[in-house]
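These are my notes from a session with the model open in the viewer. I wanted to see how the chains meet and how one of them is built.

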Amino acid sequence: MEILVCVKRVPDTSENEIGVNSAGTDIDRDDLVYSVNEWDNYAVEEAIQIVDRVGGKVTVVAVGDNESEEVLRREMAMGANDGLLLSDDAFVGSDGKGIATILKAAVKKGNYDLVLTGAQADAGAGQVGGMLAAMLDQPYASLVNSIEIINDKTLKVGREIEGGNQEMNEIQMPCVLSIQTGINEPRYVGIRGIRKVASVEIPVLGASDLGISSGSTGSAGAKVKVQDYFVPQLGKGAEMLEGSTEEIIDKLIELLKAKGGLK
Amino acid sequence: MAQIFAYITHKGGAADDTAFELAAAAKKIDAGAALTAIVTGTGADLNTVCNAVTAAYNEVWKIDNPALAYPNAEVVRKALLSILPAGSIILLPHDTFGMDLGPGLSIKTDSAFVADVVGIEGVDGKTLKLVRQEFSGQVSTHVTCDASAGAVLNIRPGVCQPGEIKSVGGQVVDKSGSVGDLTVGRKFLEVVKAEVGDIDITKSEVLVSIGRGIEDQENIEIATQLAEAMGADLSCSRPIVDAKWMEKARQVGTSGQTVKPKVYLAMGISGSFQHLGGIKGSPFMVAVNKNPKAPIFQVADVGIVANILEFMPELTEKINGL
């Protein structure tokens, strides 16, 4: 089975506190640690496990600048066979549809039975997989948390739905699936694994290589644009307990007693 | 402004809360608009739902078809495409169904798509001004959406409260005949119900809930000891289940259990909307997190900036000494 997995380089939220820059034009990107989007990492692991079972090849693709090469290498160190970087100044500022347009062009250049994306990334939209599928006229299922291969044309996939329930579907290939976290346990990648793939060449394709017309991607093609960033105020905000740990704990115990939190 | 449609999700003959929330959202886009609901399904339940939502929608377009008995987003998309006028604004709930339907629908209608809308600030000509969040709610954004060719907007459940509904006395219009072939490449098989765990946290009055801040499986013991000292049950957020450190039945959130305790201690939980969506009944909420910017501090009653791995043992010791 030929599988393409779309991955994104994102700020690592387990390593960073995300704030807003002083002008409110972006998140504060000083000293951010980046990594592969967590959902995408599960997608790559799933693709590798499928190929381990039935044979085939896993290609990882990213849209981004040269720095995205590092996440492609990381996923290749996990076991993906090939990497592909889609990079062009004309791609900068793309909205979800723009990214899907770029990925569609890359899918068309290959012969993939299955395309996987993460269920969502840093912007929390969860849109690229569904858009890509519609552009390709392929079936789509989102939030997939189990994949079983029925035959070379059909998969049985579970979707995570509300309340911890699972919706089972049969889906025809070629198709696009967005992968939910928890579907597997992504393998650990050591420094040695990264070194092994350090010199593997990763092809870079731009807009003209992909046959993408100007104006269909980038900020010029974007109908949806982020205007500014701000720190949300959802509720009235918590009363912050301050002081020494002992003082905080005494106050907390008093509150817990009053609210029925201690039995 | 373009015609506004809302897709109504329903189950067992009852419209979802989002049915009325989407009407409220539509009014924020165009206060004077005549709203249209689209309800798909089959049989008596479908009619019940259609009649119920005439309270909030001027027209209710009904599509009755056995292929729509379960809301398979691929089938629903095909049905919608056969009846939606070009350039429409379509509102969907941002839940597991809306996430499945919205992105592809926007491509097929050649319109803009905005996911997980948490606020609607207004309209300037054909441009919608919306509010979203990024990084699990750590930052918010103002977003513009060019709706000149229509738009699909996924609205986060719970953010547009309908208030008191004065019935508009809408009409049900049967559109079943306008829908053609509904064959798609994805077939719904069944819903597998969540496994029941050893403890039913939906019944717990006091919950100690742990998130990423627990850092390691071995540290769960620290939280267990606190829960025991308090006479509470232990629950968790999604990453703990993803890591297979605790069972799914202990997960609080929209994709896990919906809990309604009196007291909720969020320990090392950042507070994504999916997690908060699983906490009902306005419990007294205490949040302990080492990140002072964690979104959980905006919704908690009491907040403490601390490393839970140091804080919890001290709290346990003090409670045990009472």
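I began with a helix contact between the chains of this predicted model, and found that A:Thr245, A:Ile249, A:Leu252 and A:Ile253 in H8(A) meet B:Glu314, B:Leu315, B:Lys318 and B:Ile319 in H9(B). Sorting the residues of this contact by character, I noted five nonpolar, one polar and two charged. For the geometry I took helix H8 (residues 245–259) of chain A and helix H9 (residues 308–320) of chain B, whose axes come within 10 Å and cross at roughly 55°. Since angles between 35 and 65 degrees fall in neither the roughly parallel nor the roughly perpendicular class, H8(A) and H9(B) are therefore oblique to each other. I also recorded the hand of the crossing, which is right-handed where H8(A) passes H9(B).

Next I looked at strand pairing between the chains, and saw that strand S9 (residues 166–172) of chain A pairs with strand S13 (residues 186–192) of chain B in the antiparallel sense, over six bridges. Within S13(B), the residue that stands opposite A:Glu170 is B:Lys187.

I then took the chain contact as a whole, where 73 residues of chain B are in contact with 73 residues of chain A. On the side of chain B that touches chain A, I listed 32 nonpolar, 21 polar and 20 charged residues.

Turning to chain B alone, I traced an open sheet of seven strands with parallel pairing, in the order S7-S11-S6-S1-S4-S5-S12. Its edge strands, each pairing on one side only, are strand S7 (112–117) and strand S12 (171–174) of chain B, and from one strand to the next the twist averages 20°. Inside this sheet I checked strand S6 (residues 89–93) and strand S11 (residues 151–155) of chain B, which run parallel and are joined by five bridges; there B:Ile90 has B:Val152 in S11(B) as its bridge partner. Helix H2 (residues 43–53) of chain B packs on the sheet and touches strand S4 (35–41), strand S5 (59–64) and S12 of chain B, with a direction that makes about 165° with that of S4(B).

Last, I looked up the domain assignment of chain B, which gives domain 1 (4–178) and domain 2 (201–320). The C-alpha centres of these two domains of chain B lie 34 Å apart. I found four residues of domain 1 of chain B in contact with six residues of domain 2 of chain B, and the domain 1 side of that contact holds no nonpolar, three polar and one charged residue.

Terms used:
Residues are numbered from 1 along each chain as its sequence is written. Chains are lettered from A and ligands numbered from 1 in the order in which they are written. This is a predicted model: local features need pLDDT of at least 70, side-chain atom pairs count only at pLDDT 80 or more; totals for chains, interfaces and linings use all residues. Two residues are in contact if their C-beta atoms, placed from the backbone, lie within 7 Å. Ala, Val, Leu, Ile, Met, Phe, Trp, Tyr, Cys and Pro count as nonpolar, Asp, Glu, Lys and Arg as charged, and the others, Gly among them, as polar. Two strands pair if DSSP finds at least two bridges between them. Helices (H or I, at least four residues) and strands (E, at least two) are DSSP runs, numbered from the N terminus. Axes are lines fitted to C-alpha atoms, for helices over the stretch in contact, and angles run from 0 to 180 degrees between N-to-C directions. Angles under 35 degrees count as roughly parallel, over 145 as roughly antiparallel, 65 to 115 as roughly perpendicular and the rest as oblique. A crossing is left-handed if the near helix is turned anticlockwise from the far one by less than a right angle, and right-handed if clockwise. Domain bounds come from an automatic or database domain assignment.
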